[in-house]
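Please walk through the structure shown below, with attention to its pockets, its nonpolar core and its aromatic side chains.

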Amino acid sequence: MKVKKWKLAVFLLPCLLLFALIYLIPLCMVFGSSFFEWRSGGVFRFVGLGNYMQAFLHDTRMHAAIVNTIIWVLLQSIVHVGIGTVIAFMLSRKLRGWKVLRTIYMIPNVISAAALGVIFLNVFNPKYGLINSAISQITGSAFEKNWFFEQSSAFMTVTWSWLLYTGMIIILVLAGILAIPGDLVEAARIDGASEMEINFKVRLPLIRTILGTSVILAATSMLREFELIYLTTNGGPGETTLNLPLYLYKTSMTDNNYGYANMMGVVLILAGILTVYAINRLFRMNEADY
């Protein structure tokens, strides 16, 4: 039955209105106000590209936040997804207890970021933390390294707070592997392919789009990572663990510089769009697996 276009338009109108009110209008306001100096107290002055010039040419904190964000995006896209993919291939062999291991890896994904932050603050506590206590037991002497607040260790300590917890990636990749038709794998075995060759030449190419989706999820999660950094180091020491979302928050809520903060919001939006576009091209997401 053919639906009349005006009926379809009426049906979609409430959704379009909600989208405009919740997303489109705020996005336009963020983009427009990024060209103004806007501070609490009534200052609202057009500065053109002044905020962008200040950020990319003179603001050393912005430079540090961009570099840290890029490093975390790359680590999350390569190491995080890589670990999850390897574990998914191991679990796909359905060895004894594989369902239990799959459930264990999902536990951090269902715990709130606030709870994880408190857990890691205790694990890396300089006096009674699990890491320092273990090192003290092994070496036989007191070890009190302040992992989160020393320049040499803060960045990697924060990174470990999420890098190894690949439960979502495991589930996605494992679902893709188990969905591969068994006759394709069996045909490869009949042709004399080893299990390693089947993994690299049959299974891996067939889950290309799932891997691309996993990389998109991992990369974009780092473009909005805020809670764990805020709860553990608050971007310190100095700018060692400062990223763009945290710097945006500090600029807006602490410095009350809303125009500059909205400029960072525009940068994050554009970074997200470019990241998704690049990953789509890299993994050829618009092409069929089979």
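Helix H10 gives six residues to the lining of the second largest pocket, the largest share from any element. The model is a predicted one, and in it this pocket holds about 380 Å³ of space. Its lining is made up of 19 residues, and Phe89, Met90, Ser92, Asn199 and Arg203 are the closest to the centre. Four elements give two or more residues to this lining: H3, H8, helix H9 (182-190) and helix H10 (195-206). Sorted by class, the lining of the second largest pocket has 11 nonpolar residues, four polar ones and four charged ones.

The largest pocket has a volume of about 580 Å³. Its lining counts 23 residues, and those nearest the centre are Gln76, Asn109, Trp162, Ser221 and Glu225. Helix H3 (60-91), helix H5 (113-123), helix H8 (167-178), helix H11 (208-223) and helix H12 (227-232) are the elements that supply two or more lining residues each. Among the contributions to this lining, the largest share is that of H11, with four residues. By class, the lining of the largest pocket splits into 12 nonpolar, eight polar and three charged residues. Helices H3 and H8 are named for the largest pocket, and H3 and H8 are also named for the second largest pocket.

The next topic is the interior. In soluble globular proteins, nonpolar side chains tend to be buried together. Here the largest nonpolar core has 56 residues, and Met62, Trp162 and Met263 have the most contacts inside it. H3 provides the largest share of this core, 10 residues. Trp162 thus appears in two places: it is one of the residues with the most contacts inside the core, and it is one of the residues nearest the centre of the largest pocket. Met263 touches Ser34, Asn51, Tyr52, Ala55 and Met62, with neighbours within four places in sequence left aside.

Is Thr159 buried or exposed? Thr159 counts as buried because its relative accessibility is 0%, and the cut-off for buried is under 20%. This residue sits in helix H7, which covers residues 154-160. When residues up to four places away in sequence are not counted, Thr159 is in contact with Trp72 and Leu75.

Aromatic rings are the last topic. The model has 17 aromatic pairs. One of them joins Phe36 and Phe46 in an edge-to-face arrangement, with 5.3 Å from centre to centre and 70 degrees between the planes. Phe36 belongs to strand E1 (residues 36-39) and Phe46 to strand E2 (residues 43-46), so this pair ties together parts that are 10 residues apart in sequence. Phe36 is partly exposed, at 22% relative accessibility, whereas Phe46 is exposed, with a relative accessible area of 56%.

Another pair, formed by Phe143 and Trp147, is tilted, with 6.4 Å between the centres and 45 degrees between the planes. Phe143 counts as partly exposed because its relative accessible area is 29%. Trp147, at 18% relative accessibility, counts as buried. Phe143 and Trp147 also belong to one aromatic cluster, which includes Phe120, Phe124, Phe148 and Tyr165 as well.

Definitions and conventions:
Residues are numbered from 1 along each chain as its sequence is written. This is a predicted model: local features need pLDDT of at least 70, side-chain atom pairs count only at pLDDT 80 or more; totals for chains, interfaces and linings use all residues. Side-chain values use heavy atoms; hydrogens and water are left out. On a 1 Å grid over the protein atoms alone, a cavity is a set of points where a 1.4 Å probe fits but cannot get out, and a pocket is an open set with protein on both sides within 12 Å along at least five of seven lines; lining residues have an atom within 4 Å of a point. Grid points are joined across faces, edges and corners, and a volume is the space filled by probe spheres set on the points. Ala, Val, Leu, Ile, Met, Phe, Trp, Tyr, Cys and Pro count as nonpolar, Asp, Glu, Lys and Arg as charged, and the others, Gly among them, as polar. Buried means under 20% relative accessible area, exposed over 50%, partly exposed in between (1.4 Å probe, protein chains only). Contact means heavy atoms within 4.5 Å. A nonpolar core is a set of buried Ala, Val, Leu, Ile, Met, Phe, Trp, Tyr and Cys residues joined through side-chain atoms within 4.5 Å. Rings of Phe, Tyr and Trp (its six-membered ring) pair if their centres lie within 6.5 Å; planes under 30 degrees apart count as stacked, over 60 as edge-to-face and the rest as tilted.
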